[in-house]
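Subject: Structure for your review

Dear colleague,

Please find below the structure that I am handing over to you. My notes on what was found in it follow.

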Amino acid sequence: MESTFSSPAEAALQREAGVPGQPTPLADLDRVYELERIVGFVRDLGCQRVALQFPDQLLGDAGAVAARLEETTGSKMFILGDTAYGSCCVDVLGAEQAGAQALVHFGPACLSPPARPLPVAFVLGQRPVSLELCARAFEAQNPDPKAPVVLLSEPACAHALDTGHTQDEGVRAERLRAQRRYLVERARDARVVGLLAGTLGVAQHREALAHLRNLTQAAGKRSYVLALGRPTPAKLANFPEVDVFVLLACPLGTLAPQPSGGFFRPVLAPCELEAACNPAWPPPGLAPHLTHYADLLPGSPFHVPLPPPESELWDTPDVSLITGELRPPPVWKSSNDPGCSTLTPRPQLELVESSPAALFLSSRSWQGLEPRLGQTPVTEAVSGRRGIAIAYEDEGSS
């Protein structure tokens, strides 16, 4: 069966394993992957076990690079070729499972600080650039040689910065601003928010998750934390009761384009949820689109604390630009206990309408794994079910 959120069942069985992209010639490995610098990095640290993290498009060179480094340094190399989240982030958890003392990250990188201390070296690579094609494209886009032009280049093309690729971004930038305003309105209308844990290896992800949960609670919304790895339309379609999703990821993960077909519900950046739930944000005179969640936390110049419960900002009339209906003010205020951050309902107000989606989610028979420590008997391990989810062996064929 095939639908918007699923592919044919036979595709998983007929798919051939392979690595996209052409392998790099052996003579160019040292130059493309900066192996001389990496050898010095490993020797300076005296590491015996090193993790090598490759994105999917570079896995074809992983074996040759690892063999070359092992032969030169005498250290054991471990290839990390499958990350649970974005490949641009340092996979600290994978390196720890391999017992690695250092990690070398190949390919595009967000350069976000890891959540745990680990020596890391980044190799952005060197992509071949056709200077003649770039020069012709530049002349076609910019016939006036005196006009000021900003050249943007990917890090992998930094070795050819004498030229670049030009593109008029004015129309696209205005379209992105309009899309951002629409997403903020959708977040204000939402009553159930799904917080997608898009990274576990970047610093301050726990603090940012707690900050977003506090935001939704202060705005009178329900929030649920979902750890699904890389978000896809098929994964998020399992939660139709969620009105909007917020992706907590590194800057490159936040800016990553949505896959073809789009998601069943909008996927927001943390700053868009901040604009929807915090009436005092953004700071006066600024309307930034922040790509890193750390910029919303205390200590950042863009951090704005939530207004006190008695502030008039919470009671300002607000009309939805999507439905045209008047949004009720949030019915929450902070507890009387100054040492407690728990939110309690205002006694003079009552919630007269509840979200059907929130009620449906809370009434699910299965709401996640429950530890139940000491409540279940200890039994011997037994063989589990075999097959794929659409047709286990004990279910037969239909």
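**Strand β3 and its neighbours**

Both faces of β3 are covered: on one side Ala 102, Val 104 and Phe 106 are buried, and on the other side Leu 103 and His 105 are buried as well. Please bear in mind that this is a predicted model. In a regular strand, side chains alternate between the two faces of the sheet. Strand β3 spans residues 102-106, and because five of its five residues are buried, the strand is largely enclosed by the rest of the structure.

Which strands pair with β3? Strand β1 (residues 49-53) runs parallel to β3 and is joined to it by four bridges. Within this pairing, Gln 53 stands opposite His 105 of β3. Strand β4 (residues 120-123) also pairs with β3 in the parallel sense, over four bridges. Here the bridge partner of Phe 106 is Val 123 in β4.

**Salt bridges**

The count of salt bridges comes to six. Three of them are described here, beginning with the side chains of Arg 68 and Asp 30, which meet with an N to O distance of 2.9 Å. Arg 68 belongs to helix α4 (residues 62-73) and Asp 30 to helix α2 (residues 29-32), so this salt bridge ties together parts that are 38 residues apart in sequence. Are these two residues buried, partly exposed or exposed? Arg 68 counts as partly exposed because its relative accessibility is 25%, and Asp 30 likewise counts as partly exposed, at 43%.

A further salt bridge brings together the side chains of Arg 37 and Glu 34, at 2.7 Å from N to O. Arg 37 has a relative accessibility of 40% and therefore counts as partly exposed. Glu 34, at 25%, is also classed as partly exposed.

Arg 327 forms a salt bridge with Glu 185, and their closest N and O atoms are 2.5 Å apart. This pair links distant parts of the chain, with Arg 327 in strand β10 (residues 326-327) and Glu 185 in helix α7 (residues 170-189), 142 residues apart. Both Arg 327 and Glu 185 are buried. Through salt bridges that share partners, Glu 185 and Arg 327 are joined with Arg 188 and Asp 189 into one network.

Yours sincerely

Technical notes. Residues numbered from 1 in each chain as written. Predicted model: local features only at pLDDT ≥ 70, side-chain atom pairs only at ≥ 80, totals over all residues. Heavy atoms only, no water. Salt bridge = Lys/Arg side-chain N within 4 Å of Asp/Glu carboxyl O. Helix = DSSP H or I, 4+ residues; strand = E, 2+ residues; numbered from the N terminus. Buried < 20%, exposed > 50% of the residue type's maximum accessible area, 1.4 Å probe, protein only. Pairing = 2+ DSSP bridges.
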